[in-house]
Amino acid sequence: GYATITEQMLVAQGESVISVNFTISSVDSLLINGVATTNYVVGVPNQYSITLDNPLSEESTVFVQYKTISPLYHFDLGTRSVGTPIGAWSVISGKSQAAPGSYSTVGGGREHEASGFCATISGGDDLSATGNWASVLGGYSNEAEGEGSSIGGGGQNTAHGAYSTICGGSINSAQRHGAVGGGSRNSANGEWSTISGGYNNTALGTISAVAGGRDNEAKAYAS
């Protein structure tokens, strides 16, 4: 599959020569600031210099565009690592993103990784969708690990199990088919268990539920 990616690097005021360093596994075409170049060797660290007519009067942006024909590559601009890697037929945008999963999507934000097959990250900060068909809509430091798992938002939530769901809140976790609506430090560990919200609640039993409150524990089956 093919994917066309555009990355950018901020360049400081006063600079007149910009050094672009990169290592790639394979590309179909490579443009730097809109100029095509073939001055690179696949799999070997390369350097490409852009000489400006005049020193920059203000902070500016260098654009690098490349069309990949390989599911794995690494692109490093200057001292900043951006755009590692992208899978076949994946789509990526934003800053310092990675979408190695085939047919995966990163819509925006920064520092995300959609490594699962058909995984999706819509936006936010430091999100991860590692499970196949997993999705994270937003928030920060959320991770959808299980197959078909999903996280709506919030922060530091982890959907470990297959088809688990966390709507929001913070530091919540859910195992296989478990669901957490919100709150903080809640754990839906039992299969098909549910915690609506509250603080520091645990649903251990299969089909167990905690409506809310604090420091509650549902251990028994269907409790």
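This report walks through a predicted model, from its overall strand layout down to a few residues and their contacts.

**The overall picture**

Start with the secondary structure: the protein has zero helices and 25 strands. Of its 223 residues, 42% count as buried. The exposed area comes to about 10,200 Å², and carbon and sulfur atoms supply 50% of that. If you take the contacts between residues at least 6 apart in sequence, 22% of them join residues at least 24 apart.

**Two open sheets**

One open sheet has nine strands, running in the order β9-β10-β12-β14-β16-β18-β20-β22-β24, and the pairing is parallel. Its edges are β9 (91–92) and β24 (209–210), and each has a single partner strand, so one side of each is left without a neighbour in the sheet.

Another open sheet has eight strands in the order β11-β13-β15-β17-β19-β21-β23-β25, again with parallel pairing. Here the edge strands are β11 (113–114) and β25 (217–218), each of which pairs on one side only.

It helps to zoom in on one pairing from each sheet. In the nine-strand sheet, β22 and β24 pair in the parallel sense over two bridges. In the eight-strand sheet, β21 and β23 (residues 202–203) also pair in the parallel sense over two bridges. Within that second pairing, Ala188 has Ala203 in β23 as its bridge partner.

**Ser193 and Thr194, side by side in sequence**

Ser193 sits in the loop between β21 (187–188) and β22 (194–195). Is Ser193 buried or exposed? Its relative accessibility is 0%, so Ser193 counts as buried, the cut-off being under 20%. The side chain of Ser193 reaches the backbone oxygen of Gly190 at 2.5 Å. Leaving out residues up to four places away in sequence, Ser193 touches His177, Gly178, Ala179, Ala188, Ala203, Gly205, Ile207 and Ser208. Ala188 and Ala203 in that list are the bridge partners mentioned above.

Thr194 belongs to strand β22. With a relative accessible area of 33%, Thr194 is partly exposed. Its bridge partner in β24 is Ala209. Beyond its neighbours within four places in sequence, Thr194 is in contact with Ala179, Ala203, Ser208, Ala209 and Val210. Take Val210 from that set: Thr194 and Val210 are 16 residues apart in sequence, yet their C-alpha atoms are 6.4 Å apart in space. Ala179, Ala203 and Ser208 turn up among the contacts of both Ser193 and Thr194.

**Salt bridges**

Side chains of opposite charge can pair when their charged atoms come close. How many salt bridges does the structure hold? There are four, and the table covers some of them.

| Salt bridge | Closest N to O | Source of N | Source of O |
|---|---|---|---|
| Arg176–Glu191 | 3.2 Å | Arg176 | Glu191 |
| Arg214–Asp215 | 3.2 Å | Arg214 | Asp215 |
| Glu217–Lys219 | 3.2 Å | Lys219 | Glu217 |

Consider the Arg176 and Glu191 pair, whose side chains meet at 3.2 Å, N to O. This pair links distant parts of the chain: Arg176 is in the loop between β19 (173–174) and β20 (179–180), while Glu191 is in the loop between β21 and β22, 15 residues apart. Glu191 therefore shares its loop with Ser193. Arg176 is partly exposed at 42% relative accessible area, and Glu191 is partly exposed too, at 31%.

In the Arg214 and Asp215 pair, Arg214 is exposed, with a relative accessible area of 56%, whereas Asp215 is partly exposed at 46%. For Glu217 and Lys219, the glutamate is partly exposed at 47% and the lysine is exposed at 58%.

**A nonpolar patch on the surface**

Which residues make the nonpolar surface patch? Tyr103, Phe117 and Trp133 do, and the patch covers about 330 Å². Trp133 lies in the loop between β13 (128–129) and β14 (135–136). At 46% relative accessibility, Trp133 counts as partly exposed. The flanking strands belong to separate sheets in the orders above: β13 is in the eight-strand one, and β14 is in the nine-strand one.

How values were computed:
Residues numbered from 1 in each chain as written. Predicted model: local features only at pLDDT ≥ 70, side-chain atom pairs only at ≥ 80, totals over all residues. Heavy atoms only, no water. Patch = residues over 30% accessible without salt bridge, like charges linked within 9 Å, V, L, I, M, F, W, Y side chains within 5 Å. Areas by Shrake-Rupley, 256 points an atom, 1.4 Å probe, with all protein chains shown as cover. Helix = DSSP H or I, 4+ residues; strand = E, 2+ residues; numbered from the N terminus. Buried < 20%, exposed > 50% of the residue type's maximum accessible area, 1.4 Å probe, protein only. Polar contact = N/O pair within 3.5 Å; in protein donor to acceptor, adjacent residues only side chain to side chain. Contact = heavy atoms within 4.5 Å. Pairing = 2+ DSSP bridges.
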